[in-house]
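The following exercises are to be worked with the sequence and the coordinates at hand. Each task is followed by a solution in steps.

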Amino acid sequence: MEDSFGIYTTDGERLSGSLYDESITGLAERLDESTASLFIRTAGEMVYLGTAINVQKQGRRPDTFIYIERMSWHGSLPPRIDLSYIHEFYTRVADRLSSIDYGIRDLASDTAFIGDRRERFISGLSGTDVVEYALGKTLLCREVICVSEDLSKSVDFVVAIAEKLSAFLYAGFTIVVSKRSFKGADILVTEKSAGSADIRLETETISDTKWSDIYRTAGILPQRPEMAHWAAVSRTRRQIAEKLLGDLKKHAKASGAKSSYLDSFIESEEIEKFRCAETETARAAVSGTAAAKTSRRPAPSEEDYGKWEVSDYDRMKLMEDYSRIMEQKRKNRIRIIAAVAAVLLLAAAAVFIAAGPFGILKPVDATPTATPYITPSATIVPQEGNITIERLIASPGNIPAGLKGVSSAYNITPEKPRTILIELSENYDPLLPYYLMKFNTTGYSWDFVAGTSEYSGEGAKVEISEPGIYRIFTTRSAGETNFTHTAGGA
């Protein structure tokens, strides 16, 4: 088997190895963002393995590196991805890090995994039911999400599935064990999920047992020798799913089961839609070939955001973004408190000096606090320190029907109600109504904000009374509004 590898920093800088192109750099960034302990992807005659790992060079501070390797099995039998194969992978990781004078501290999501796994080749799983369930669901083109905080057991689980997939590797599968979400994984084992999880790995239980018997059967049937012989000719994910569905129907008929039960399963789970990528698409998406570039869809317009189906990944990502924003808010508050305390101390010292026998304190005319002015391309923190304004790189979706955004989205944290001026991103039209709206992170929707708002050629002068994500909206053209809400307007 021919192989190449690359070691990357979290910024995408390649430190060692010959594996390097735009798609690999993007993959390294995704492994870092998700804190992936084990990444397995097959595409044609290629196998990609990756991990985010904590390292340290003697005399240096600890750091996180991303290791990715690509192996080709062209002209030979596909690899058997078992525990021994994965242990050898981690051994190569350690050896290649050692060659650039770095030692492994631990995997990025578990402080004990490396030490615990040495010399251990026995799975920690107590049974195979969850493995066969996940295998059947994957082969029928349905993604599988598992929740587990035990990294060792998580690796055992995905390796057990990967080993049973050996006859179908050419079709292309993505299996990930990570701390956070990883979009596009066929099988994802993560520490927490914003949506429903199929399997709770600590107890090896299936969350929804309604169709679990059919999915388990779908995981057992492909392990027959005749199925492996059929798959010896390169097959696509869709061909595998169609073949397996046909076998399920034959099995149900032979066992005397009611056909209506299987029909209900197919309809309820939308099995015949076969939501899985074809082999060429999967291969191109990894290798960064021209096929991958031509298959990219153009970016949708903002008005289509509300039409997107919200997936578990979207919910998880929004939760992670919201947690990041709240953590940033906490840090900002600490900085503000520290700055205010320092200013008060300096002010007290100045007053003491000025009020003394040689004091120079003189009365001055009080002036009102200036209105903070925001442009779509800037983020400011006013010097008075009682409001923090962060311009978001991308606005949350779910734009209300009939409306369009006419300003950037801002994460605003006032210590008390404040009036601010937000510049509009297009010319002010006195014939159009304008609305200040706040993003509802619970319902993933935009809500109208009542209060004093003035709109003019200078921009939107609005009152902000509580922390949140705010944006200015208007209707798409004059006279087309269907809204009766009157909070703000020209």
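## Exercise 1. The crossing of α6 and α8

α6 passes α8 in a right-handed crossing. Determine which residues make the contact between α6 and α8, and how the two helices are oriented to each other.

Solution. The model is a predicted one.

Step 1. From α6, the contact is made by Ile214, Thr217 and Ala218, and from α8 by Leu244, Leu248 and His251.

Step 2. By class, the residues of this contact comprise 4 nonpolar, 2 polar and no charged.

Step 3. Helix α6 covers residues 212-220 and helix α8 residues 237-255; their axes come within 10 Å and cross at roughly 115°.

Step 4. Angles of 65 to 115 degrees count as roughly perpendicular, and α6 and α8 are therefore roughly perpendicular to each other.

## Exercise 2. Helix α4 and its two partners

Describe how α4 packs against α6 and against α5, and state how many residues of α4 are buried.

Solution.

Step 1. Helix α4 (residues 129-139) packs on α6 at an angle of about 80°, and their axes are 6 Å apart. The two helices are therefore roughly perpendicular to each other.

Step 2. On the α4 side, Asp129, Glu132, Tyr133, Leu135, Gly136 and Lys137 take part; they meet Ser212, Tyr215, Arg216, Ala218, Gly219 and Ile220 of α6. The residues of this contact divide into 5 nonpolar, 3 polar and 4 charged.

Step 3. With helix α5 (residues 151-164), α4 forms an angle of about 55°, the axes being 10 Å apart. This makes α4 and α5 oblique to each other, and α4 passes α5 in a right-handed crossing.

Step 4. Here Val130, Val131, Ala134 and Leu135 of α4 meet Phe157, Ala160, Ile161 and Lys164 of α5. The contact of α4 with α5 has 7 nonpolar residues, no polar and 1 charged.

Step 5. Of the 11 residues of α4, 10 are buried, so the helix is largely enclosed by the rest of the structure. The buried residues are Val130, Val131, Glu132, Tyr133, Ala134, Leu135, Gly136, Lys137, Thr138 and Leu139.

## Exercise 3. Length and burial of α2

Test whether the end-to-end distance of α2 agrees with the span expected at 1.5 Å a residue, and list the residues of α2 that are buried.

Solution.

Step 1. Helix α2 has 16 residues (residues 83-98) and should therefore span 22 Å.

Step 2. The C-alpha atoms at the ends of α2 are 23 Å apart, which agrees with that expectation.

Step 3. Buried in α2 are Leu83, Tyr85, Ile86, His87, Phe89, Tyr90, Val93, Arg96 and Leu97.

Step 4. For reading such a list, an α-helix has 3.6 residues a turn, so residues three or four places apart point the same way.

## Exercise 4. Positive phi values

For Asp101 and Glu204, state where each lies and whether each is buried or exposed. Which residue following α4 has a positive phi?

Solution.

Step 1. Most residues other than glycine have a negative phi.

Step 2. Asp101 has a positive phi, near 70°, and its place is in the loop between α2 and β6 (103-107). Its relative accessibility is 55%, so Asp101 counts as exposed.

Step 3. The phi of Glu204 is also a positive value, near 55°. Glu204 is in the loop between β10 (199-200) and β11 (205-206), and at 16% relative accessibility it counts as buried.

Step 4. The residue that follows α4 is Cys141, with a positive phi near 70°.

## Exercise 5. Loop residues brought together

How far apart are the C-alpha atoms of Gly127 and Glu204, and those of Glu426 and Gly457?

Solution.

Step 1. Gly127 is in the loop between α3 (113-117) and α4 and counts as partly exposed, at 30% relative accessibility. Along the chain Gly127 and Glu204 are 77 residues apart, while their C-alpha atoms are separated by 8.1 Å.

Step 2. Glu426 lies in the loop between β16 (418-422) and β17 (434-440) and, at 33% relative accessibility, counts as partly exposed. Its C-alpha atom is 9.7 Å from that of Gly457, 31 residues away along the chain.

Step 3. Neighbours within four places in sequence aside, Glu426 is in contact with Lys404 and Val406.

Note on methods. Residues are numbered from 1 along each chain as its sequence is written. This is a predicted model: local features need pLDDT of at least 70, side-chain atom pairs count only at pLDDT 80 or more; totals for chains, interfaces and linings use all residues. Side-chain values use heavy atoms; hydrogens and water are left out. Helices (H or I, at least four residues) and strands (E, at least two) are DSSP runs, numbered from the N terminus. The expected span of a helix is 1.5 Å times one less than its number of residues. Buried means under 20% relative accessible area, exposed over 50%, partly exposed in between (1.4 Å probe, protein chains only). Axes are lines fitted to C-alpha atoms, for helices over the stretch in contact, and angles run from 0 to 180 degrees between N-to-C directions. Angles under 35 degrees count as roughly parallel, over 145 as roughly antiparallel, 65 to 115 as roughly perpendicular and the rest as oblique. A crossing is left-handed if the near helix is turned anticlockwise from the far one by less than a right angle, and right-handed if clockwise. Contact means heavy atoms within 4.5 Å. Ala, Val, Leu, Ile, Met, Phe, Trp, Tyr, Cys and Pro count as nonpolar, Asp, Glu, Lys and Arg as charged, and the others, Gly among them, as polar.
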